[in-house]
Every structure is written in structure tokens, then in C-alpha cells.
Amino acid sequence: VQLQASGGGSVQAGESLRLSCAVSGINFRLYDMGWYRRAPGKERELVAEITRDHTTNYAEYVKGRFTISRDNVRRSLLLQMNGLQPEDTAVYYCHVLFQRNDRWGRGTLVTVSS
């Protein structure tokens with residue numbers, strides 16, 4: 001299983017970024033997927049998740065600003081992030097639970113300055 005996140009970068013507060021995660025090694029359409037993040041000095045936390053049926057769930061602090069989606073044809077997990085704030089600064093990871101094991105991508109860094 002390989003998860004490769006991309007799309008991070010440095011932006012100003014209020015700007016947007018779109019993260020992508022290319023997934024291989026699994027039948028992508030059959031798995032629930034998620035985005036997590038780890039801010040400096042903090043534990044990794046859930047940002048958003050999407051089931052194989054496209055049901056979504058968001059952490060309270062991103063509701064109304066972030067949108068998770070999936071492209072089953074391209075085997076990609078997406079995260080549209082609008083209205084970014086300095087507290088969104090973190091490394092963002094895509095995740096899948098595969099055969100009872102957590103699988104993580106390498107992560108992509110998002111830095112938001114005020």
C-alpha cells in the first residue's frame with residue numbers, strides 16, 4: 001500500500017490550498033479514507049474522513065472551510081482547504097486502515113502565516 005500526499009505549501013491567512021493523495025496497492029473504491037494532521041508539538045489529529053460510500057465527517061475546527069472528496073477513477077483522495085489560518089499549520093497525512101493496520105502517507109507540509 002502506498003499513499004503519496006502532495007499539494008502543501010506556504011500561504012497567507014485566508015488563502016486556499018488543495019491537497020491530493022495518490023493511492024496504490026489497494027482496491028481504492030472499497031476503503032474508507034481520511035486526512036490527518038500533526039501540528040508542531042502536538043499529537044496527530046483527524047481532519048476529515050470519507051467512507052467508500054462518500055459519507056463525510058469533519059473535525060469541528062475545519063467544518064465549513066475544508067472539503068474532503070475522492071476520485072475513485074484516479075484513486076485519489078482530495079482535501080480542499082479554504083480560509084486557512086495559522087493554526088492550520090501542520091503536516092497533513094492521508095490514511096487508510098488496511099488489513100487492520102493503519103497506513104500513512106509521507107505527509108505534506110502546510111504553513112499558514114498571518
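# Exercises on a chain of strands

Leaving aside neighbours within four places in sequence, Thr 67 is in contact with Tyr 58, Leu 78, Leu 79 and Gln 80. The model used in these exercises is predicted.

## Exercise 1: The surroundings of Thr 67

Task: Determine in which strand Thr 67 lies, and whether this residue is buried, partly exposed or exposed.

Solution.
Step 1. Locate the residue: Thr 67 belongs to strand E7.
Step 2. Consider the accessibility. The relative accessibility of Thr 67 is 42%. Buried requires a value under 20%, and exposed a value over 50%; Thr 67 therefore counts as partly exposed.
Step 3. Compare sequence with space. Thr 67 and Thr 111 are 44 residues apart in sequence, and their C-alpha atoms are 18 Å apart in space.

## Exercise 2: The overall fold

Task: State how many helices and strands the chain has, and explain why the chain is judged to be as compact as a globular protein of its length.

Solution.
Step 1. Count the elements: the chain contains 0 helices and 11 strands.
Step 2. Read their order. From the N terminus on, the elements run β-β-β-β-β-β-β-β-β-β-β.
Step 3. Compare the radius of gyration with the globule rule. The radius is 13 Å, and the rule gives 13 Å for 114 residues, so the chain is as compact as a globular protein of that length.
Step 4. Add the outer dimensions. Along the principal axes, the C-alpha atoms fill a box of roughly 40 × 25 × 20 Å.
Step 5. Consider burial and surface. Of the 114 residues, 40% count as buried. The chain exposes about 6,300 Å², of which carbon and sulfur atoms supply 43%.
Step 6. Consider the contacts. Among contacts with a separation of 6 or more, 53% come from residues 24 or more positions apart.

## Exercise 3: The disulfide

Task: Identify which cysteines form a disulfide, and state where in the chain the two residues lie.

Solution.
Step 1. Apply the cut-off. Two cysteine sulfur atoms must be within 2.5 Å of each other. The sulfur atoms of Cys 21 and Cys 94 are 2.0 Å apart, and these residues form a disulfide.
Step 2. Give the total: the count comes to 1 disulfide.
Step 3. Place the partners. Cys 21 is in strand E3 (residues 17-24) and Cys 94 in strand E9 (residues 90-98); the pair is 73 residues apart and links distant parts of the chain.
Step 4. Describe the geometry. The link of Cys 21 and Cys 94 has 60° about the S-S bond and is right-handed.
Step 5. Check the burial. Cys 21 has 0% relative accessibility and so counts as buried. Cys 94 is likewise buried, with a relative accessible area of 0%.

## Exercise 4: The nonpolar core

Task: State how many residues the largest nonpolar core has, and which element gives the most to this core.

Solution.
Step 1. Take the size: the largest nonpolar core has 31 residues.
Step 2. Name its most connected members. Trp 35, Leu 79, Met 81 and Tyr 92 have the most contacts inside this core.
Step 3. List the contributing elements. Two or more residues come from each of strand E1 (2-6), E3, strand E4 (33-38), strand E5 (44-50), strand E7 (66-71), E8, E9 and strand E11 (108-113).
Step 4. Find the main contributor: E9 gives the most, with 5 residues.
Step 5. Examine one member. Apart from neighbours within four places in sequence, Met 81 is in contact with Glu 15, Ser 16, Leu 17, Leu 19, Arg 65, Phe 66, Tyr 92 and Val 110.

## Exercise 5: Ser 76 and two positive phi angles

Task: Determine whether Ser 76 is buried or exposed, and describe the backbone of Arg 75 and of His 54.

Solution.
Step 1. Locate Ser 76: this residue lies in strand E8 (residues 76-81).
Step 2. Apply the cut-off. Buried means under 20%; Ser 76, at 14% relative accessibility, therefore counts as buried.
Step 3. List its surroundings. Not counting residues up to four places away in sequence, Ser 76 touches Cys 21, Phe 28, Ser 69, Arg 70 and Asp 71. A polar atom of the Ser 76 side chain lies 3.3 Å from the backbone oxygen of Arg 74.
Step 4. Turn to Arg 75, in the loop between E7 and E8. Arg 75 is not a glycine, yet its phi is positive, about 55°. At 39% relative accessibility, Arg 75 counts as partly exposed.
Step 5. Turn to His 54, in the loop between E5 and strand E6 (56-58). His 54 is not a glycine, yet has a positive phi of about 75°. With a relative accessible area of 43%, His 54 is partly exposed.

Methods. Residues are numbered from 1 along each chain as its sequence is written. This is a predicted model: local features need pLDDT of at least 70, side-chain atom pairs count only at pLDDT 80 or more; totals for chains, interfaces and linings use all residues. Side-chain values use heavy atoms; hydrogens and water are left out. Helices (H or I, at least four residues) and strands (E, at least two) are DSSP runs, numbered from the N terminus. Buried means under 20% relative accessible area, exposed over 50%, partly exposed in between (1.4 Å probe, protein chains only). A polar contact is a pair of N or O atoms within 3.5 Å; within protein, one must be able to donate a hydrogen and the other to accept it, and residues adjacent in sequence count only if both atoms are side-chain atoms. Contact means heavy atoms within 4.5 Å. The radius of gyration is taken over C-alpha atoms; the globule rule is 2.2 Å times the number of residues to the power 0.38. Accessible areas come from the Shrake-Rupley method with a 1.4 Å probe; for residues, only the protein chains shown count as cover. A nonpolar core is a set of buried Ala, Val, Leu, Ile, Met, Phe, Trp, Tyr and Cys residues joined through side-chain atoms within 4.5 Å.
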